[in-house]
Amino acid sequence: MAIWLVRAGSHGEYEEKFIKENKVFVTWEGLNVDLSKLQHRTELTAEMGKRYSSVKPRTIQNWVSQIWPFAHDMRIGDLVVIPLKSQPGIQIGEITSDYHFDANAEDPYYHWRTVKWIGEAIPRTHFGQDLLYSFGAFMTICRIQRNNAESRIAAMRASGWKPESIKATTNSVTDSISDENGNTDLEELAHDQIANLISSRFKGHKLTRLVAAILKAQGYTVYVSQEGADGGADILAGTGSLGFGSPRLCVEVKSGDTPVDRPTVDKLLGAVSKFGANEGLFVSWSGFKSNVPKEMAASFFRVRLWTRKELLEALFENYDRLDDEIKAELPLKRIWTVAIQEEE
């Protein structure tokens, strides 16, 4: 059983199509050639050279090394890993078909394989840091093998995708930075490290303190409920020095490992009315079940959903204005680094 990384667009723009249609696609635009009829990689190199004449030969070779395995090396029963952009999770599926080509498909969906998704997305925190380094490779399609990835993911599958019990060693993490599959997305990996620090220092109800600190940095006056029964709201927040201004927010914070479902979000909407708030904010560290964001369109002007991604974005934007106690618990430093991407 091989493990394949397949990205659903650099910004997650293909995620919904992949998951809804139970397929993974090659998403290079204009590549309308049947890969199964090509016998050698040199033939694919020639075909891509015709279609992408302005692209450097080295980049073409890099693309060929990703696209060729999709048609010729993947097998039924292999697993595909899709790091999601819409939530802090990893979607995993089992390949259930051979390679297919459809010349009449909408560009770029000419090439596909069917997959059976294995439940909901798995929180990134369930995977060892060294595996996350491999998942952070800049390649769009590649095989994941380092640090016994295949056997470890098989073991996680057998355990019902519980968090790995064996922590990644310093050496394995260091080795993974120079992954054989290419350059690594350092920003994503830094976010994972910060997320791990938050998970360890703001467990359970303590995450509510961090959210409240961010809201205070944004100019809100906040009330934080005690741990335990909260009557439907972990935080009440209003603008102005006394908090009597608008907007008035009713905030629920979930720090668990399970994505939040629609009924749980609906309870927040009820709390908005109960507490006389204007809007609601639901913060779920492990994200939301896939149907929730789509079904909440009717409540767009009443509630916002924050996953780990939005929480980190708000943290980075307001970090300098956080109180000293929070910054001491969560010490961060802004740095600049070269933005390495695939050549074009």
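In this predicted model, 27 residues line the second largest pocket, and those nearest its centre are Ser-86, Lys-289, Ser-290, Pro-293 and Lys-294. Two or more residues of this lining come from each of the elements α1 (15-21), α10 and β13 (303-306). The volume of the second largest pocket is about 650 Å³. Sorted by class, its lining consists of 11 nonpolar, 8 polar and 8 charged residues.

Charged side chains were also examined for pairing. Side chains of opposite charge can pair when their charged atoms come close. With a cut-off of 4 Å between a side-chain nitrogen of Lys or Arg and a carboxyl oxygen of Asp or Glu, the structure has 16 salt bridges. Three of these pairs are described below, followed by a network.

Helix α10, which contributes to the lining of the second largest pocket, also takes part in a salt bridge. Arg-262 pairs with Glu-295, and the closest N and O atoms of the two are 3.2 Å apart. Arg-262 belongs to helix α9 (residues 262-274), whereas Glu-295 belongs to helix α10 (residues 291-295), so this salt bridge ties together parts that are 33 residues apart in sequence. Arg-262 is partly exposed, with a relative accessibility of 24%. Glu-295 is likewise partly exposed, and its relative accessible area is 38%. Beyond this pair, Lys-85, Arg-124, Glu-188, Asp-192 and Arg-308 are joined into one network by salt bridges that share partners.

Another salt bridge lies within a single helix. The side chains of Glu-47 and Arg-51 meet with an N to O distance of 2.6 Å. Both residues are in helix α2 (residues 41-51), and because they are 4 residues apart there, about one helical turn separates them. Arg-51 counts as partly exposed, at 31% relative accessibility.

A further salt bridge joins Lys-254 to Glu-252, with 3.6 Å from N to O. The two partners fall into separate accessibility classes. Lys-254 has a relative accessibility of 34% and is therefore partly exposed. Glu-252 has a relative accessible area of 8%, and because buried means under 20%, Glu-252 is classed as buried.

Key. Residues numbered from 1 in each chain as written. Predicted model: local features only at pLDDT ≥ 70, side-chain atom pairs only at ≥ 80, totals over all residues. Heavy atoms only, no water. Buried < 20%, exposed > 50% of the residue type's maximum accessible area, 1.4 Å probe, protein only. 1 Å grid on protein atoms, 1.4 Å probe; cavity = no way out; pocket = protein on both sides within 12 Å on 5 of 7 lines; lining within 4 Å. Points joined across faces, edges and corners; volume = space filled by probe spheres on them. Nonpolar A, V, L, I, M, F, W, Y, C, P; charged D, E, K, R; others polar.
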